[in-house]
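Subject: A structure to look at, with notes

Dear colleague,

I am handing over a structure that I would like you to look through at your own pace. Please open it first, and then read the notes below beside it.

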Amino acid sequence: MKQLIQNLRTGETLLREIPSPSAQKGCVLIKTRKSLVSIGTEKMLVGFSRAGLLQKALLHRDKIKPVFEKIRTDGLTSVMASISAKLDKCIPLGYCNVGEVLEVGEGVHDIRVGDRVASNGSHAEIVSVPRNLLAKIPSTVSDEDAVFTVIGAVALQGIRLLSPALGETIVVIGLGLTGLLAAELLRLNGCRVIGLETDEDKLRIARARGMVTANPDLMNPVDLVLEHTGGIGADGVIITASSRSDKIISQAARISRKRGRIILTGVVGMDLDRADFYEKELTFQVSCSYGPGRYDEIYEAQGHDYPLPFVRWTENRNFQAILQLMESGQLDVKPLITDIVPLADFASIYQNITSSKAIGIILDYPHQTDITTTVRLTQQDFSAKKGIAAIIGAGNFTKTTMLPLLPGANVKYIASSGGISAAELAAKYKIPYCTTAYHKILEDETVDLVLITTRHDQHAAMVIDALRSRKHVFVEKPLAIFEEELHAIIETWHECEKTGISLTVGFNRRFAPHVVKMRELLGQTVMHIMISVNAGTIPANSWIHDRALGGGRIIGEGCHFFDLVAHLANSPIAEVCMTATGTNCSETTDNASVLLRCENGSTGVVHYFSNGNKGFPKERIEVHSLGRTLVLDNFRILRGYGFRNFSVRRTSQDKGHKELFRLLLESVRNGGQPLIPFEEIVNATRATFAALESLKTNSWVKI
């Protein structure tokens with residue numbers, strides 16, 4: 001299938017051939033008929049991608065200081081590589097989609113194959129959309145009308161936050177798609193609407209729909225609003241404009257009455273002048289997309305609706321409301337359609353989108369679509385090669401860490417659930433096949449090694465599937481996030497271990513050059529190990545904090561350091577005790593101290609915290625033994641105290657990934673002992689479970 005994507009580094013808008021997605025649990029697979037180009041949003045995105053590096057930095061001034069702090073702690077090379085990786089990616093365009101349901105995922109019971117639906121799907125021939133982000137289209141509403149549903153919900157949510165009353169005067173600043181829809185919905189609500197816009201074509205459409213309009217470049221909007229309100233000012237203002245100017249919010253304040261309300265649904269400069277708001281006691285609020293539920297993983301990804309008596313208008317119910325207004329004939333969007341363009345002619349839209357005067361452009365999709373979950377990009381003969389690999393997961397770790405370290409690795413496949421990231425990386429690294437169906441990889445007998453880098457909640461099931469398919473397996477940590485998953489892996493391993501396959505978990509730090517040196521210097525002694533991890537904050541609503549979604553930072557990241565303690569001590573962990581700061585003493589904590597006792601008498605403590613300063617080194621390891629001390633700062637500088645022939649060693653930052661992947665590929669090709677003994681992998685995983693159990697019971701937990 002084909003999908004429109006935007007390259008953030010080069011500024012190119014591309015129509016790419018990518019594998020079709022599948023209907024994941026809680027999702028619906030849709031064959032697109034029409035999609036709407038959101039000129040304002042997509043113009044900003046395309047404009048950003050076409051800007052130079054300095055211009056991009058100036059557009060995100062708030063991120064400049066943290067970059068310099070990161071350079072000081074991690075080094076210039078590491079930080080520049082990270083910045084380059086963030087910009088060197090393609091993202092999907094579009095969020096207003098209409099199509100026909102092809103397949104319904106597990107857990108969706110009120111949608112049927114063949115239903116017409118409107119969704120926030122992208123500009124792609126096939127899209128997979130969570131249930132709460134789509135709505136059925138009434139039979140009397142055409143595809144061309146229904147494609148305005150999602151952007152209509154954006155306008156509607158701004159109006160709901162404004163809470164306009166019958167007879168009030170509301171000013172809409174910016175009469176693009178969202179602005180014109182907001183103005184029409186306000187008129188249906190019994191409000192008098194004044195529209196401000198600099199584009200004469202848009203003003204003409206607004207006037208034809210009975211609105212009072214003005215071009216603020218040609219006349220003073222304050223005088224106009226005061227004239228139409230008897231000197232009072234506007235009861236409310238909705239800003240739907242897209243501009244970096246701070247003057248728009250100042251203008252909104254000046255045209256408002258005392259105690260007026262201002263709602264921002266667009267994107268404008270936010271340098272507020274207190275004087276503009278102080279005397280009038282104005283209320284200002286930013287509207288979030290389509291409504292309540294947006295960006296909530298529980299609502300969108302897991303499909304848990306908010307109860308209607310308590311949250312009357314969710315984003316999905318806003319979709320439905322827009323469609324009902326279209327069905328009744330109250331909301332007419334046809335005058336907003338500038339053009340209908342075949343998908344293949346997309347370039348005619350995007351070549352000049354940054355200067356486009358269009359309002360509503362609809363992309364029209366072909367009736368026949370090639371639905372395939374695997375796409376072959378290049379011809380390559382693997383018949384005489386050993387150690388053929390396949391990657392499941394095309395996220396940041398795969399892109400920035402794994403693939404750059406796998407030159408000559410004979411990678412045959414790369415898979416991702418959505419397809420776009422897999423296709424992007426396959427093209428960049430000349431991988432022949434990209435797919436959204438990872439089971440195809442497991443069915444290919446030529447594949448020897450499967451590397452799994454998906455979200456944490458998928459690791460265990462994929463490891464089991466790969467082992468049963470008699471593949472060598474590498475899985476980025478963690479191995480499992482629940483005890484029952486670990487038991488299932490252990491059972492599967494015992495069934496398969498005699499076949500000669502291997503299982504490796506991404507405990508890369510034990511392969512770091514400085515850690516290898518530490519093991520050499522310390523020898524077989526009893527020691528005390530202290531590891532401080534300045535992990536940094538992650539927003540509270542991120543999946544990483546939700547164990548049901550594969551989250552939990554102690555499970556997902558702490559396992560690295562538990563393994564490192566056991567590796568340095570050369571002894572399994574026997575007991576664990578964890579404490580956490582504050583009142584959030586739960587499995588989601590990311591401010592904790594974990595005490596570890598090893599079987600040989602060594603002890604360790606891992607201080608894992610997210611409330612530290614970004615300028616402080618991310619990782620620091622101290623080991624004390626027999627009157628000697630080793631200190632490793634951020635995997636760059638190792639200092640020794642009390643050693644006869646060692647005092648200091650400096651290198652660029654190296655956390656062991658390169659050596660891990662080199663040894664892994666060598667092992668798969670030539671055979672040999674596992675890189676990490678299976679019992680050590682299990683021990684580190686059980687230590688993470690024991691840490692969470694200890695936090696609950698406030699006691700030491702034996703492994």
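The notes that follow go from the whole chain to one helix and then to some aromatic rings.

Please keep in mind throughout that this is a predicted model.

The whole chain

The protein chain contains 23 helices and 32 strands, and its C-alpha trace spans about 90 × 60 × 50 Å along the principal axes. For 703 residues, a compact globule would be expected to have a radius of gyration near 27 Å, and the value for this chain, 29 Å, agrees with that. Buried residues account for 56% of the 703 residues, where buried means under 20% relative accessible area. If you take the contacts with a separation of 6 or more, 67% of them are between residues 24 or more positions apart. The accessible surface of the chain is about 30400 Å², and carbon and sulfur atoms contribute 51% of that surface.

One helix in detail

A good place to practise is helix H8, which covers residues 200–208 and in which Lys202, Leu203, Ile205 and Ala206 are buried. Why do these residues lie on the same side of H8? Around the axis they cover an arc of only 160°, and this is what puts them on the same side of the helix. As for their partners, the buried residues of H8 pack against helix H7 (177–188), strand S10 (192–196) and strand S11 (212–214).

The surroundings of the helix in the sequence are also worth a look. At the N-terminal end of H8, Asp199 acts as a cap, with a side-chain oxygen 2.9 Å from the backbone nitrogen of Asp201. After the helix comes Gly210, which has a positive phi, near 85°.

Aromatic rings

How many aromatic pairs does a search of the whole structure find? The search finds seven. One of them joins Trp493 and Phe678, and because the ring centres are 5.0 Å apart and the planes lie at 20°, this pair is stacked. The pair links distant parts of the chain, since Trp493 belongs to helix H19 (residues 483–496) and Phe678 to helix H23 (residues 678–697), with the two positions 185 residues apart. Both Trp493 and Phe678 are buried. Elsewhere in the notes on rings, Tyr95, Tyr290 and Phe319 are linked into a cluster by ring pairs.

With best wishes

Technical notes. Residues numbered from 1 in each chain as written. Predicted model: local features only at pLDDT ≥ 70, side-chain atom pairs only at ≥ 80, totals over all residues. Heavy atoms only, no water. Buried < 20%, exposed > 50% of the residue type's maximum accessible area, 1.4 Å probe, protein only. Helix = DSSP H or I, 4+ residues; strand = E, 2+ residues; numbered from the N terminus. Arc of directions from axis to C-beta. Contact = heavy atoms within 4.5 Å. Polar contact = N/O pair within 3.5 Å; in protein donor to acceptor, adjacent residues only side chain to side chain. Rg over C-alpha atoms; globule rule 2.2 N^0.38 Å. Areas by Shrake-Rupley, 256 points an atom, 1.4 Å probe, with all protein chains shown as cover. Phe/Tyr/Trp six-rings, centres within 6.5 Å; stacked < 30°, edge-to-face > 60°.
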